[in-house]
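Here are some notes for someone opening this entry for the first time. Please read them with the structure in view.

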Amino acid sequence: MDVNVLGICGSPIKGGNMEAMLKHALEAAGAHQGVSTELLHLANLQIADCRHCNWCLAKQEEGKPCIIDDDMQAVYSSILQADVLLLATPAYAARLSGYLAVFLDRFRCLVLGKHYRGSLGGKVGGALTVAWLRNAGQETTLLSVISSLLMWGMIVVNPGPGTCQYGATGLSSDVGTGKFDPKDRLGVLKDEMGMRAAASLGERSVEIARLLKAGKQALA
Ligand SMILES: Cc1cc2nc3c(=O)[nH]c(=O)nc-3n(C[C@H](O)[C@H](O)[C@H](O)COP(=O)(O)O)c2cc1C
């Protein structure tokens with residue numbers, strides 16, 4: 001059964017820790033037969049804030065979820081086709097980055113829009129974060145993401161027992177102490193537990209998406 005997994009990287013840094021961790025999750029998901037993966041890096045896209053103009057509520061049409069003419073137009077079709085959304089953000093002041101917050105606000109037209117209302121319901125979602133310090137907002141960051149997914153009726157998946165309960169968390173300084181090797185930009189790759197959690201989140205989200213699809217087919 002085919003499963004489409006869309007990973008969104010909400011770090012302003014291209015090729016940084018968050019992207020490396022998200023790629024690991026997508027590789028683990030993509031290792032399963034029939035799974036296709038796509039990674040979108042928000043730093044490569046021009047995405048404006050939702051203006052609360054309510055165009056989507058009254059005038060939305062098929063093929064045009066939002067009136068704002070920016071890079072989000074092309075992204076909407078990837079979101080609609082995805083069975084799984086993996087949302088990744090570095091911990092910024094113990095919550096999601098501004099890039100990801102702006103991006104998630106633009107989902108309103110898929111939740112409440114005249115044509116696309118409820119389009120996110122039943123999709124599988126998971127969150128990943130990377131932080132510099134061991135106890136500096138990883139869980140609040142993940143909660144700031146998954147609370148939106150829950151509100152939209154998505155099925156939130158975690159990486160499973162023995163990891164973080166709210167999503168996958170990685171540390172980019174040496175075991176979260178703040179020490180680092182200046183020659184090594186990608187400290188998260190040394191965080192074995194964080195990388196394992198990312199892979200596990202990728203795999204579990206595919207497993208749950210498959211079960212949901214099989215269940216829907218069986219009931220149809
Ligand atoms: C604006 C800002 C806020 C940050 N807030 C936190 C924080 O609350 N907790 C933390 O551990 N690290 C914090 N950091 C550090 C980043 O989360 C950390 O360096 C992370 O690895 C960045 O990921 P990247 O390599 O993908 O950019 C912050 C960094 C910035 C720029």
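1. Burial. In this predicted model, 43% of the 220 residues of the chain count as buried. Two places where burial can be followed residue by residue are strand β3, where 7 of 7 residues are buried, and strand β1 (residues 3–9), where the figure is 6 of 7. β1 is therefore largely enclosed by the rest of the structure.

2. Overall layout. The chain holds 7 helices and 6 strands. In sequence order they follow the pattern β-α-β-α-α-β-α-α-β-α-β-β-α. The radius of gyration is 17 Å, close to the 17 Å that the globule rule gives for 220 residues, so the chain is as compact as a globular protein of that length. Along the principal axes, the C-alpha atoms fill a box of roughly 55 × 40 × 25 Å. Of the contacts between residues at least 6 apart in sequence, 79% join residues at least 24 apart.

3. Strand β1 and its partners. β1 pairs with strand β2 (residues 35–41) in the parallel sense, over 7 bridges, and G7 stands opposite L39 of β2. Together with helix α1, these two strands make a right-handed β-α-β unit. β1 also runs parallel to strand β3 (residues 84–90), to which 5 bridges join it. Within that pairing, V5 has V84 as its bridge partner, and C9 has A88.

4. Strand β3. Besides β1, β3 pairs with β4, again in the parallel sense and over 7 bridges; here L86 stands opposite G126. Which residues of β3 are buried on each side? V84, L86, A88 and P90 are buried on one side, and L85, L87 and T89 on the other, leaving both faces of the strand covered. In a regular strand, side chains alternate between the two faces of the sheet.

5. The nonpolar core. The largest nonpolar core has 57 residues, and the members that touch the most others are V5, M21, A25, V84, L86 and L128. Helix α1 gives the most to this core, with 8 residues. Leaving aside neighbours within four places in sequence, L86 is in contact with V5, G7, L22, A25, G126, L128, L201, G202 and S205.

6. L22 in helix α1. L22 is found in α1 (residues 17–30). Why does L22 count as buried? L22 has 29 C-beta neighbours inside 10 Å, and the count needed is 20 or more, so it qualifies. Beyond its neighbours within four places in sequence, L22 is in contact with G7, C9, L39, L86, A88 and L128. By contrast with these contacts, L22 and G121 are 23 Å apart in space, C-alpha to C-alpha, and 99 residues apart in sequence.

7. Helix α6. The 14 residues of α6 (residues 138–151) should span 20 Å at 1.5 Å a residue, and the end C-alpha atoms are 20 Å apart, which agrees. The buried residues of α6 are Q138, T141, L142, S144, V145, I146, S148 and L149. What covers these buried residues? The cover includes β3, α4 (98–105), β4 (124–131), β5 (155–156) and β6 (168–171). After α6 comes G153, with a positive phi near 80°.

Notes
Residues numbered from 1 in each chain as written. Predicted model: local features only at pLDDT ≥ 70, side-chain atom pairs only at ≥ 80, totals over all residues. Helix = DSSP H or I, 4+ residues; strand = E, 2+ residues; numbered from the N terminus. Rg over C-alpha atoms; globule rule 2.2 N^0.38 Å. Buried ≥ 20, exposed ≤ 12 C-beta atoms within 10 Å, placed from the backbone. Contact = placed C-beta atoms within 7 Å. Core = buried A, V, L, I, M, F, W, Y, C linked by C-beta atoms within 7 Å. Pairing = 2+ DSSP bridges. Right-handed = clockwise from strand over helix to strand, strands pointing away. Expected span 1.5 Å × (residues − 1).
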